[in-house]
Structure formats: C-alpha cells, structure tokens
Amino acid sequence: MTIPVIDAAALTGGDEQQLAVFRAKLLDGLKTYGFVKLINHTVPVPLVAETFDQRGWCTPGEEKTWYLESNTGAIKEPKFSDSKESFDCGHPNDKLFPNKWPSAEALPGYQDTMERFFMSCGDLTLVLLTLIAEEMQYNRDLFTSRCTNEASTIRINHFPVVDKAVLDRGDVSRIWPHNDFGIISLVFPDVTPGLEYEDRANPGTFIPMPYESDQEVVVIVGETLQRWTNGGIRAGLHRVNRPLDVQGDLVPERWSLVYFNKADRHASVGPLDEMLANGAKPVYEHLTALEYQGLRNATHYPKEAALEQVIATA
C-alpha cells in the first residue's frame, strides 16, 4: 500500500483538463488510502522553511493521543503519554479563541510568519475541498460553505531527543495512532522520519511515510470529512513512531508543521443531506463542530493526568 504522490502544478497553471486529472487523482487517493502527498503545491517552500524556524510550546506529555484510538477501556490511568511539545495558533481574526503572541522584541517577525503560513495553507485547503466536491459531482461549495477556516489551526510539533528505551517500553510514544478531528490536514514533515500511516489492507499495521524533499505536503482526511460523507471518505489513521533504523541509544529530535482545516464552529459535522439522497441511513449524529471538538479534546487531554510523571518519563 503506497501513498500516491500527485503533482499539484495544475492548481497554479493548469487548464480544465489538467485540473480534472488532478482532482480525480486527489479524490481517488483520499478515498482509497486516507492520504495523498502533493508536490508543486501552492504553499511557498521558503515560507514553510521560515515557519519551521519558529518556537513556542505546550508542555511535553500534556496531549495524550493514546486515548483516541488505543484505549480499549481496560486501563483507566492516564499513564500513556506523547513524547512531544507543540505550539498552536489559529486564524488571525479569531475572536472566540484569540492567539497569544510573544512580544515582537522577544521573537521578531514571529507573528507575521505564522499568520502568512496560516493564510497560505488555508487557501490551499479550500481549493482542495472545492475540487473534491466537484469530483464527487456536487456543488463546488458543498464543503467550503461550511468552512471559512475561522476555526482552523496551525501546530508546530517538536519531538525532543529521547532515549530509545523510553519509546520502546510501551507507555510513551511520539504520537499514538489517531485520526485528526477536522476536515483535512496538511502535514509538512522534516528530514527525520517517523510519520506512519495505517495499511488499510492490514489493519493495525503502519507503514513509514517516505520523505523525498522539502517541497512536498501530506494531505490527510480527518473525521469531519468522514462524518460529512457518511463514511464515504474515511479518515486516515496515522501515528509518529521512532525511526526504525536508529543507531545508538538516543532517538534524534524531529519537527513537523501541521495545518488543521476545520469546519466553522456553528456548522454541523453530521452527514450532509447530499450523502443521504438515495435513502442511505445516517451513520453519525449531528453535532456542531465546536461540540465535536470539545468531545474529542476531552478524550486526549484527561484532566486527571499526573503531569509530573509525564514530564519525568518523556
């Protein structure tokens, strides 16, 4: 099972035929695998590199993705943690959850870089959603009418150097297997491997996502798109593992940039009427995107987490 690599040059200079070929490959890849990789995409490579240079974190181990897909209910204690730290920010004009920026004196240019990266990624996701709707033979604004990127977010992930034995013992992972909550995600990995995707032909088996260059972006289907399509386009299960060929006792640090394209907070994340037109039964209940985000956040940010233990073991 190999994730397709699709040339996105048609987004900037293609004619209708080239766009049609691109959108057909895009939809087929997302439906089949839950992932595609784009090259020659529209987010400027220098802007990606500039964003990688930024800093700012939530504490190591605060997020616990183990609870999303790995918890069978047999273990109640919040002992399974993520060996990473991260920084999140949202739309520059978000009034409900405004961004908190460090001072310009402390980090010159930080806010400007992050905002430019946010808007560039947001533009790409809206184009992709438009093309997906068109390829499915629906109105081109089927998805984008429910997404202005007002609730979308950027995340910078930093995976510090860690003892290999910590990751191999079974209760700490860089990121546990999980689905993203939003519509689609854009992932810009760095040279240190680790991102892995589930082989749908062999559930529970994960395949390393190859890294070819800094000019590629991985597109991942999220749970909202799965819910909107009533399961027609399934979310892509993925994780971040330690590199399989690590030499020595230490796993090197790793970075990634992620853009989480999300539905507007008031929009329903239940099945769209268009997906039920032929008498199909809805698989998912109707919740607003904000309600759904709250439910999922409550799962992987357990309030009773013993933070001191997490920090000590990560």
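**Fold and confidence of the predicted model**

Asp141 is partly exposed, because its relative accessible area is 40%, a value that falls between the limits of 20% for buried and 50% for exposed residues. In this predicted model, Asp141 is placed in the loop that connects helix α5 (110-135) with strand β5 (153-159). Thr130 precedes Asp141 by 11 residues along the chain, and the C-alpha atoms of the two residues are 6.0 Å apart.

The protein chain holds nine helices and 15 strands. Of its 314 residues, 51% are buried. The accessible surface amounts to about 14,400 Å², and carbon and sulfur atoms account for 52% of this area. Among contacts between residues at least 6 apart in sequence, 80% link residues at least 24 apart.

Seven of the strands form an open sheet with mixed pairing, in the order β1-β2-β12-β9-β15-β5-β4. Strands β1 (5-7) and β4 (85-90) are the edges of this sheet, each pairing on one side only. On average, neighbouring strands of the sheet are turned by 25° against each other, direction ignored. At the β1 edge, β1 runs parallel to β2 (residues 35-39), and the two strands are joined by three bridges. Within this pair, Ile6 is positioned opposite Leu38 of β2.

Two helices that lie across strands of the sheet are described here. Helix α3 (residues 45-52) lies across β5, β9 (184-189) and β15 (254-261), and runs at about 115° to β15. Helix α5, which comes before the loop containing Asp141, lies across β2, β4, β5, β9, β12 (216-221) and β15. The angle between α5 and β9 is about 130°. Strands β5, β9 and β15 are thus crossed by α3 and also by α5.

Confidence varies along the chain. The mean pLDDT is 86, and 85% of the residues reach 70 or more. Confidence is highest in helix α7 (residues 223-228), with a mean of 98, and lowest in helix α9 (residues 307-313), with a mean of 34. Over residues 62-68 the pLDDT is below 50, although the model gives this stretch 38 contacts beyond near neighbours in sequence. Residues 304-314 also stay under 50, and here the model has 17 contacts beyond four places in sequence.

Key
Residues numbered from 1 in each chain as written. Predicted model: local features only at pLDDT ≥ 70, side-chain atom pairs only at ≥ 80, totals over all residues. Heavy atoms only, no water. Helix = DSSP H or I, 4+ residues; strand = E, 2+ residues; numbered from the N terminus. Buried < 20%, exposed > 50% of the residue type's maximum accessible area, 1.4 Å probe, protein only. Contact = heavy atoms within 4.5 Å. Areas by Shrake-Rupley, 256 points an atom, 1.4 Å probe, with all protein chains shown as cover. pLDDT = per-residue confidence, 0-100. Pairing = 2+ DSSP bridges. Axes fitted to C-alpha atoms, helices over the stretch in contact; angles between N-to-C directions.
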